[in-house]
Each structure stands twice: as structure tokens, then as C-alpha cells.
Amino acid sequence: MVYIYAGGVPTLSELAQSHTDLVSEDVGWLQLLMADWQILADLSFADLVLWLPDKSGNGFWAAGQMRPTTGPTAYVDDIVGMFVPKGRHATLDDAVDVGRLVREGDPEWRDDLPVRVETIPVRRSGRIIGVLSRNTNLLGVRTPSKLELSYLQTANDLTQMVANGYFPAAGQRSDHADTPRVGDGFVRVDADGVVDYASPNALSVFRRLGLSGDLAGQSLAGMTRALVPPRKRPDEETLSAVLGGRAHRDTEIDTGGIAIIMRSIPLRPRGEAIGALVLLRDVTDLRRRDRELVTKDATIREIHHRVKNNLQTVAALLRMQSRRVDSGVAQDALNEAVRRVGSIALVHETLSQQAVEETVEFDEIADRLASMVGEVTSIGVPVRMRREGSFGALPSEVATPMAMVITELLQNAVEHGYRDTGGRDTPDAGKITMSVRQQPAGHLQVTIEDDGRGLPDGFSLDTSTNLGLSIVKTLVEGELGGRLSLGPRPDGDGARAAVELPLNL
């Protein structure tokens with residue numbers, strides 16, 4: 001055997017495209033098979049390997065592998081991407097040549113393990129497009145119980161369906177991410193929907209619904225109708241199709257006290273329906289947690305909404321107070337407080353309108369902050385603000401302090417860059433640019449540049465007594481663990497503030 005793709009495990013599509021003549025419809029059929037082959041592996045107590053015939057006819061490529069959860073594995077190592085030359089394993093060649101299941105007489109020994117090998121041709125539209133090998137570790141074989149006999153009988157029916165082109169069911173996939181597995185609850189019904197066998201786990205599921213007797217000999221759909229009120233069960237067509245074993249589909253029953261996913265796979269090894277495999281899973285705890293998460297999500301968003309409302313109330317009270325004071329200095333201080341409260345409220349407003357996540361899309365917040373600063377500032381000079389680059393999604397614990405930082409730096413640029421500039425009235429009299437760049441190693445760099453009158457002579461950030469800059473310095477260096485610099489704009493008049501901070505706080 002020869003390994004390929006030393007750089008990584010190849011996908012089914014990659015192997016099919018590089019080494020076979022399979023068309024896209026064939027690959028799609030094989031992908032459907034692999035989506036459901038955990039069921040076949042568990043029912044067989046065996047490892048499954050999908051082999052694709054090489055387009056040159058020289059051998060087979062291992063395109064997929066599945067280990068059972070019901071028994072010991074026959075493969076210690078992964079073999080996907082392995083090539084087997086023609087003649088190395090006669091059962092692979094025979095499965096293609098004779099077009100039916102082939103069993104090896106004597107076990108094959110692998111890593112001191114006796115392994116029984118069976119090969120099943122995978123047929124689609126009358127053509128053999130692959131071979132499924134079933135590998136059973138014989139050290140795990142014991143005297144079979146009724147459960148194991150039912151598993152093996154159903155596995156044999158499914159392998160006949162694979163060989164005859166009846167499985168997987170074209171276009172059918174479970175809609176549930178938590179679709180049931182064999183061990184969750186196994187029921188086999190006959191062609192009339194009467195239970196031939198139900199596993200202990202399946203009985204436990206129905207006992208939770210209120211069943212007092214046995215399921216064997218009962219109509220599965222009829223028993224479910226008797227146990228579940230009409231308003232709590234799916235429509236009659238779906239119930240009969242799934243529990244009667246007539247359709248390859250699934251459904252869910254939620255009585256309020258118990259939730260069950262039921263999935264049906266009709267069995268027709270030779271074309272005519274002989275019954276069905278019905279898998280059950282009790283998902284009561286999962287649904288309860290889902291409801292708790294939905295409630296938690298709504299509660300957190302409601303908290304953000306109320307915080308936003310409370311902050312807006314505080315801002316309104318501060319505005320009222322500013323109108324009642326005669327001192328211009330006091331009015332300016334109160335208006336600055338209104339602006340700072342407003343920037344925090346804006347973040348909570350955004351959080352109240354989105355699903356609860358660890359990150360916040362910050363571009364809209366930054367743009368609204370820039371607009372808000374322009375609206376509340378009155379300096380007699382037109383100032384235009386624009387953003388270059390994208391903040392992307394910021395961690396929620398970064399969003400609020402970053403909103404404060406941007407607000408203060410924009411306000412500082414407007415107030416100190418353009419106040420008392422002589423009343424310039426050209427369209428470009430005031431221009432502020434906020435540039436955002438994602439740096440390597442998870443760092444964010446934000447620069448705010450203006451073309452105003454620049455910093456005063458002898459300015460030093462370390463000795464500045466400006467309250468806004470003190471707030472920014474504390475937030476950037478203390479809370480966000482970043483760096484703040486403030487100096488002249490490199491390529492002209494004005495000032496430049498730069499903030500760099502890590503996002504993996």
C-alpha cells in the first residue's frame with residue numbers, strides 16, 4: 001500500500017477528481033452514503049471503508065473511513081488516501097467483477113487482530129461507482145443477543161440496498177443536527193408498521209411517553225397516537241410516513257414534558273419494502289437547554305435595552321441641568337458628560353438589537369459616534385468626518401471603552417483643531433479622517449488625523465491636564481492594554497492621534 005497526500009488527509013471530492021472517472025452526480029451519491037454510514041457501521045459492529053476504483057483500472061483509493069461506536073475497531077490507523085493495487089485484495093476486485101457482496105473465507109490479520117472482511121459494491125443508476133468494505137474485529141464477537149441479531153439483520157438489509165442502488169435515498173438528509181444514532185433507540189417494524197423488535201433504549205423512550213407494556217407486536221404509529229395528544233404530535237401524514245416506515249424522513253414530537261426525534265429508513269433490499277428501521281432519540285434535555293438559551297439571549301438583550309434607556313434618561317437630566325446653570329464652563333462640562341454617556345448608550349443600543357454574541361460589529365457604531373460628535377459640536381466651522389478601513393467585529397468587552405476613546409479623540413480634534421481658526425469657509429475648512437487597520441498578531445490600529453491648527457507649542461501628553469485626553473489615556477493603556485500617541489500630522493498641518501491595542505484580551 002502507498003500513502004498519498006503527505007500534506008494532509010484528502011477529501012472525497014479531491015480523490016474523485018484526481019484519480020477517478022466519477023461525475024459530480026456520482027460524488028454526490030457517495031457523499032449521501034457517507035452522511036448516513038455511521039448507522040451501517042454501528043449496526044454491523046464493523047469499520048467501513050469506501051474504496052474508489054482508479055480511472056486507469058490499476059487499483060482502488062480509500063476515500064472514506066468510519067469506525068463503529070458499538071464495537072471495537074478493526075483499524076488502528078487512518079487509511080484515507082491509501083492506494084491498493086489491483087490483485088492485492090481479491091475481495092475488492094471481486095465486488096466489482098461480480099457486482100454483489102463478497103465475503104472472505106479466512107480472517108485477515110492486522111496488528112495481531114483477526115478481521116473478517118466483506119465487500120459491497122456501491123451501485124448508482126445501474127453502475128458500480130465504488131466498493132464498501134466492512135471490516136469486523138473478531139475479538140469483539142460474542143454469542144449474539146436478540147438486540148445484536150436485530151442489528152445484524154438490519155445491517156444486511158442495508159448492505160443489500162447499497163449493492164442494489166436503493167441506499168442512500170436520493171436527496172434525503174436529516175434536518176436535525178442532533179439526529180438519532182443506533183444506540184439512542186432502535187426499532188424495527190414490518191411492512192405493516194408493526195414492531196418486530198425494540199431495543200431497551202427505545203422502550204425507555206416510549207415509557208417516558210406513558211407506555212406500560214411492550215412495543216413488540218404493536219403498531220408503532222398507532223401506539224404513538226394513543227400516547228401523544230393530537231395537538232402535540234405532527235400531522236397525520238408525517239406520523240404515518242415516519243412511524244409506519246413508508247418514507248425516508250424524520251420528525252419530532254414535543255409534548256412539553258418530553259421531546260423525541262424519530263427517524264425512519266425504509267428497508268427494501270431487493271426493491272420491495274419489507275419494513276423499516278426507526279431510530280429514536282430523547283432530546284428533552286437538549287430542547288430544555290435550547291429554550292434556556294433563547295430565554296437567556298432575550299434577557300441579555302433586554303438588559304442592554306434597559307441600560308441604554310437608563311443612560312438616555314441620565315443624559316436628558318444632564319441636559320436639563322445644563323440649561324439651568326449660568327456658568328458657561330459648567331454648561332460645557334455638562335454637555336461633555338452628555339456626550340460621554342451617549343457614546344456608551346450607543347454601544348448598548350447596538351447590543352440590544354443583535355443576537356447575544358462575544359463580538360460587536362463596530363463600523364456602524366464608529367460612524368454614528370462621528371455623526372453624533374459633529375451634531376453636538378458648534379464651533380462655527382464646517383467639519384467633515386470620514387472613516388477609512390473597517391473595525392470588523394470587536395470583542396464586546398472592547399466595544400464600550402473603544403467607543404469612549406473614539407468619541408473623546410474626535411471631540412478633541414474638533415474643539416481644539418478648529419475653534420477660533422478665523423472662520424475659514426472653504427469646503428475643506430475642516431477635514432477629520434479616522435483610519436482603521438488590522439495589524440498582524442491580532443492588533444488593531446486606529447488613527448484620527450485633522451488638518452486644523454495643530455497642537456500647541458510645548459504640548460506633552462504626559463503632562464496634559466485635558467480631562468478628555470486623561471480619560472482616553474486611562475482607557476487605552478489601563479483597560480485595553482494598548483498604546484496612545486498624540487503628535488503633529490506627518491504630512492501637513494494638524495494633529496494625529498494613534499491608538500494601538502491587542503484584541504485578544
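Start with helix α12, residues 467-479: in this predicted model it lies across β19 and β20, and its axis runs at about 140° to β19. Helix α11 (residues 396-418) also packs against strands, lying across β15, β17, β18 and β20 (495-502). Its angle to β18 is about 20°.

Now look at the strands under those helices. They belong to an open sheet of five strands, ordered β15-β17-β18-β20-β19, and the pairing is mixed. At the edges sit β15 (384-388) and β19 (483-488), each of which pairs on one side only. Going from one strand to the next, the twist averages 15°. As a reminder, strands of a sheet pair through backbone hydrogen bonds, either parallel or antiparallel. For an antiparallel case, take β17 (residues 431-439) and β18 (residues 443-450), which are joined by eight bridges. One spot to click on is Gln-439, whose bridge partner in β18 is His-443.

On to the charged side chains. Side chains of opposite charge can pair when their charged atoms come close, and here the count comes to 18 salt bridges. One of them brings Arg-127 and Asp-26 together, at 3.1 Å from N to O. Arg-127 is in strand β8 (residues 127-137) and Asp-26 is in helix α2 (residues 24-44), so this pair ties together parts that are 101 residues apart in sequence. How exposed are the two ends? Arg-127 is partly exposed, with a relative accessible area of 40%, whereas Asp-26 is buried, at 0%.

Arg-287 and Glu-252 make another salt bridge, 2.7 Å from N to O. This one also links distant parts of the chain: Arg-287 comes from helix α8 (residues 284-324) and Glu-252 from strand β11 (residues 249-254), 35 residues apart. Buried means under 20% relative accessible area, so Arg-287 counts as buried at 13%, while Glu-252 is partly exposed at 23%.

Stay in helix α8 for a local pair. Arg-288 forms a salt bridge with Asp-285, and their closest N and O atoms are 3.8 Å apart. Both residues lie in α8, three residues apart, which is about one turn of the helix. Arg-288 is partly exposed at 37% relative accessibility, and Asp-285 is partly exposed at 46%. Finally, back to Asp-26: salt bridges with shared partners join Asp-26, Arg-124 and Arg-127 into one network.

Conventions. Residues numbered from 1 in each chain as written. Predicted model: local features only at pLDDT ≥ 70, side-chain atom pairs only at ≥ 80, totals over all residues. Heavy atoms only, no water. Pairing = 2+ DSSP bridges. Helix = DSSP H or I, 4+ residues; strand = E, 2+ residues; numbered from the N terminus. Axes fitted to C-alpha atoms, helices over the stretch in contact; angles between N-to-C directions. Contact = heavy atoms within 4.5 Å. Salt bridge = Lys/Arg side-chain N within 4 Å of Asp/Glu carboxyl O. Buried < 20%, exposed > 50% of the residue type's maximum accessible area, 1.4 Å probe, protein only.
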